[in-house]
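Colleague: Before I use this model at the bench, I'd like to hear how you justify the labels you put on it. Can we go through them together?

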Amino acid sequence: MSPLLYREKKHSAANRALPFHLSSNFKLCTATQRTEPALLCAMFSSSALIGIQVSVFYEKHLITQSFGNEITFMGLPRFGRPKNDELSSNLYVANCGPAVGLSYETVASVFCKFGDVKGVYAADESGTRVIISYFEESSAQAALKALDGHPCPELGGRSLHIRYSVLQPNSEGRVSDLVPVSLTASDINIPGIYLVHDFISAKEEEELLQAVDSRPWKNLSKRRVQHYGYEFCYDIRNVNIRHCLGELPSFVSPILERISSFPNFTNAENIVLDQLTVNEYPPGVGLSPHIDTHSAFEDLIFSLSLAGPCIMEFRRYENGDRLPKDSSTDTKLESSEDDLNFIKRVIYLPPRSVLLMSGEARYAWHHYIPHHKIDVVNDRVIRRASRRVSFTFRKVRVGACNCEFPQYCDSQR
Ligand SMILES: O=C(O)CCC(=O)C(=O)O
Ligand SMILES: [Fe+2]
């Protein structure tokens, strides 16, 4: 964004060239970057900026780049997996993009060797997956054949993973990407979510980080963890209740005390939290969408954020829980292409805040930390510059869960 100088021009002739209906929610700006004309579309929800799309002409090709929330409603392209082995003029290309230091222009310069490129789009919010849209199917076919699975010297030697992608019709129940990021629990409007900012002081944060850093970490594929009380086994997504690791460490005693006396957290005083998972996420690493196994833990789940911020997405799938997934692994299934049947809400978790998931939020909503190096939080761009360390406190369940959400409940299926 920063290299683009732009000035607002609401009713320019360029409006007509844009492939969406210009509503009052949109402000259209023209931009100039040296001599290349660019269109910049900024999308607002109320007064908050939630997404920007920049289109530039690169050697006669229109290249489109989205920031923040993708601008995909109102007729802008939205891509998905083709049914059967359908060919297409669009390619889904993984392992390149701005998050790995490759601009859309650089990516386009490789793909335009195979034919005229209609547009380059972010495939999702990862910054590492793009859609290349050609005018001709034959161009897509040639590019796929030449580039799929081979290291590409012009893209820093990265091996691209390419498949066909098709334009999705806009359907009613589809997820909209236009989800503003809530800063408070009341904004997110999911029953059972509470968020308390500054739950601990900066000094306490430092002490907690020192305490865990002086203890051994267990390496998972993308992040490190420590377990206290009971070990959480990612392969079975459950705990072995017969194997207690001992009491929670004394360095969390003040936190447990504060949780139990916190007025917002109804019933928290009656629950003895006995399991702690400490997660350390390097910058840009997230967590697959999941519901903490109902049979493993009781109702209240507290997550204390330290060191760095992130956003947490909540998804309510219409058809109940998805297949259990190993949340320790990265998953290719997180692309926005794959799961369309959910509603989503997003909340910002600053360091030193504590989030409580309870009731419906704990039992029926998947929670998910996107794999982003940058989070767009309404009108702010927040870089995940440092690691994030979270302390998740739970109570191990003994016996079956009999919650009110059987379609999401492993005890009741
Ligand atoms: O890092 C967090 O805040 C959440 C961790 C989590 O969801 C889990 O360990 O199940
Ligand atoms: Fe979780």
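Modeller: Here is the reasoning behind the labels, and do keep in mind that this is a predicted model.

Colleague: Fine, let's start with the metal. What makes His 290, Asp 292 and His 367 donors of the iron ion (ligand 2)?

Modeller: A donor has to be an N, O or S atom within 2.8 Å of the metal. NE2 of His 290, OD of Asp 292 and NE2 of His 367 coordinate the iron at 2.0 to 2.2 Å, so they meet that cut-off. Along the sequence the spacing reads H-x1-D-x74-H.

Colleague: Why do you say that Asp 292 and His 367 tie parts of the chain together?

Modeller: Asp 292 sits in the loop between β20 and β21, while His 367 belongs to strand β25, so the pair links parts that are 75 residues apart in sequence.

Colleague: And why are Asp 292 and His 367 called buried or exposed?

Modeller: Buried means under 20% relative accessible area. Asp 292 comes out at 4%, so buried is the word. His 367 has 5% and gets that label too.

Colleague: On to ligand 1. How do you know which side chains make polar contacts with ligand 1?

Modeller: The pair of N or O atoms has to lie within 3.5 Å. Ser 303 has a polar side-chain atom 2.6 Å from an oxygen of ligand 1. For Ser 390 the distance from a side-chain N or O atom to a ligand oxygen is 2.7 Å, and for a polar side-chain atom of Arg 394 it is 3.3 Å. Those values fit the cut-off, so the three count as polar contacts. On its own, ligand 1 has 300 Å² of accessible area, and the protein covers 95% of that.

Colleague: What makes up the shell around ligand 1?

Modeller: By class, four nonpolar, six polar and three charged residues. Of these 13 residues, the nearest are Tyr 281, Ser 303, His 367, Arg 388 and Ser 390. Strands β19, β20, β25 and β28 each supply at least two residues, and β28 gives the most, with four.

Colleague: Now some loops. How do you know whether Ser 353 is buried or exposed?

Modeller: Its relative accessible area is 1%, and the limit for buried is under 20%, so Ser 353 is buried. Ser 353 lies in the loop between β23 and β24. A polar side-chain atom of Ser 353 is 2.7 Å from the backbone oxygen of Pro 350. Beyond its neighbours within four places in sequence, Ser 353 is in contact with several residues, including His 197, Phe 199 and Ser 303.

Colleague: Then why is Gly 149 called partly exposed?

Modeller: The label covers what falls between buried, under 20%, and exposed, over 50%. Gly 149 has 45%, so partly exposed it is. The residue sits in the loop between α2 and β10, and leaving out residues up to four places away in sequence, Gly 149 touches Ser 159 and Leu 160.

Colleague: Last one: what makes you single out Asn 95 and Ala 307?

Modeller: Their backbone angles. Most residues other than glycine have a negative phi. Asn 95 has a positive phi of about 85 degrees, and Ala 307 has a positive phi of about 75 degrees. Asn 95 is in the loop between β7 and α1, Ala 307 in the loop between β21 and β22. With relative accessible areas of 24% for Asn 95 and 29% for Ala 307, both count as partly exposed.

Technical notes: Residues numbered from 1 in each chain as written. Chains lettered and ligands numbered in written order. Predicted model: local features only at pLDDT ≥ 70, side-chain atom pairs only at ≥ 80, totals over all residues. Heavy atoms only, no water. Near = heavy atom within 4 Å. Polar contact = N/O pair within 3.5 Å; in protein donor to acceptor, adjacent residues only side chain to side chain. Areas by Shrake-Rupley, 256 points an atom, 1.4 Å probe, with all protein chains shown as cover. Nonpolar A, V, L, I, M, F, W, Y, C, P; charged D, E, K, R; others polar. Donors = N, O, S within 2.8 Å, 3.2 Å for Na, K, Ca; no water. Buried < 20%, exposed > 50% of the residue type's maximum accessible area, 1.4 Å probe, protein only. Contact = heavy atoms within 4.5 Å.
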